[in-house]
Amino acid sequence: MQAETYPFVVQPLPYDYDALTPVLDEKTLHFHHDKHYKTYVDNLNSTLADYPELQKKSLKELLTNLESLPAAARTPIRNNGGGVFNHELYFGTMRQPMGQLPSGALAEAINRDFGSYNQWKEQMKQAAVSQFGSGWAWLVTDGGGRLSVVQTLNQDVPDLAQFTPILLVDVWEHAYYLQYQNLRAVYVEGWFGLIHWKKVQRLYEEAIRA
Ligand code: MN3
C-alpha cells in the first residue's frame, strides 16, 4: 500500500466511506482521509521537492534514518513522513465489521507473548487510552516474531530498524472527536471490531519472513 518513493501519492481508502459505520462515520473518514492524511502527503512532497538526494528513498528508509537527514528536513520528514506512514497502515488495517479474530501464527504469537487475545486487547487499549495528547498505540513485531505493544507521540513511528509495525490505532482527537468528543475509550473499544485481522496476519508473516 505504501507508495515506494517521491512523489508520494494519496492512497484511496480500501473501502467505502460509509463502510465502517457506526464505529467511524462517513464525515469522520472524509475529514481524516481527505484532509488530514492528504495534508501529510502534500507536505512530505513539498519538503522532498527541495532535496533531490532524498527522492529515491522509501518512506521506511527516510523514517529509519532521521538523524542522517539534512537538519532542516528532519522535523518536517519526521512529522509528515510519519503522518503518511501511520495513516496508510491505520486505514489499511481496518475493514467492514465482520467479527474477525486473529488466527494462525499470529494468534499463537498473541497467546504466547500476551497470554491471550483478551490480555493483548487490554494492553493495547491501555496504551491507546493512556497516551497523553496526540499519538498512536501500536502492535509491532521484531524480526523473530516476538510481539509488543508500544506508544508513540505525535506522528512518530516505533524504531523501524528493530520493529515492523503490523497494527495501530490513531488517538489524535481528529480521529474520533466529531463522533465521540472526549470519549476516547469508547472509540478505541469500537476500533477493535474494525481490525482487518487477515491483513494484519499477512503483515506479520511478511515481517518474520523478511
Ligand atoms: Mn490521524
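When I say contact, I mean heavy atoms within 4.5 Å. Keep that in mind for the whole talk. And one caution: this is a predicted model.

Let me start with glutamine 151. It sits in strand β2. Set aside the neighbours within four places in sequence. Then glutamine 151 is in contact with Ala127, Ser130, Gln131, Trp136 and Trp138. Its relative accessible area is 39%, so glutamine 151 is partly exposed. Look across to leucine 139 as well. Glutamine 151 and leucine 139 are 12 residues apart in sequence, and their C-alpha atoms are 9.1 Å apart in space.

One of those partners deserves its own stop: glutamine 131. You find glutamine 131 in the loop between α5 and β1. Buried or exposed? Glutamine 131 counts as buried, at 7% relative accessibility. Again leaving out neighbours within four places in sequence, its contacts are Trp136, Gln151, Thr152, Leu153, Val171 and Arg184.

Next, asparagine 154. This residue is in the loop between β2 and β3. Asparagine 154 is partly exposed, with a relative accessible area of 38%. Beyond its neighbours within four places in sequence, asparagine 154 touches Ser134, Gly135, Trp136 and Trp172, by our contact criterion. For a sense of distance, take alanine 109. That residue is 45 residues away from asparagine 154 along the chain, and the two C-alpha atoms are separated by 28 Å.

Now helix α5, residues 117–130. Does the geometry add up? What span should its 14 residues give? At 1.5 Å a residue, the expected value is 20 Å. The end C-alpha atoms are 20 Å apart, so the two agree.

Which residues of α5 are buried? They are Tyr117, Trp120, Lys121, Met124, Ala127 and Ala128. These buried residues cover an arc of only 130° around the axis, which puts them on the same side of α5. Turn to the face away from that buried side, and you meet the exposed residues Asn118 and Glu122. What covers the buried residues? The cover includes helices α4, α7 and α8, plus strands β1, β2 and β3.

Two of those covering helices, α4 and α8, also pack on one another. Their axes come within 9 Å and cross at roughly 80°. Angles from 65 to 115 degrees count as roughly perpendicular, and α4 and α8 therefore fall in that class. On the α4 side, the contact is made by Ala105, Leu106, Ala109, Ile110 and Arg112. On the α8 side, the residues are Trp197, Val200, Gln201 and Tyr204.

Last stop, the metal. Which residues coordinate the manganese ion? His32, His87 and His174 each give NE2, and Asp170 gives OD. The distances run from 2.0 to 2.2 Å. Along the chain, the donors follow the spacing H-x54-H-x82-D-x3-H. Histidine 87 lies in helix α3, residues 71–92, while histidine 174 is in the loop between β3 and α6, so this pair ties together parts that are 87 residues apart in sequence. Histidine 87 is buried, at a relative accessible area of 0%. Histidine 174 is buried too, with 17%. The cut-off for buried is under 20%.

For anyone checking the angles at the site, here is the reference. Ideal angles at a metal are 109.5 degrees for four tetrahedral donors, and 90 or 180 degrees for six octahedral ones.

Definitions and conventions
Residues are numbered from 1 along each chain as its sequence is written. This is a predicted model: local features need pLDDT of at least 70, side-chain atom pairs count only at pLDDT 80 or more; totals for chains, interfaces and linings use all residues. Side-chain values use heavy atoms; hydrogens and water are left out. Donors are N, O and S atoms within 2.8 Å of the metal (3.2 Å for Na, K and Ca); water is not among the atoms, so sites may look incomplete. Helices (H or I, at least four residues) and strands (E, at least two) are DSSP runs, numbered from the N terminus. Buried means under 20% relative accessible area, exposed over 50%, partly exposed in between (1.4 Å probe, protein chains only). The expected span of a helix is 1.5 Å times one less than its number of residues. The arc is that of the directions from the helix axis to the C-beta atoms. Axes are lines fitted to C-alpha atoms, for helices over the stretch in contact, and angles run from 0 to 180 degrees between N-to-C directions. Angles under 35 degrees count as roughly parallel, over 145 as roughly antiparallel, 65 to 115 as roughly perpendicular and the rest as oblique.
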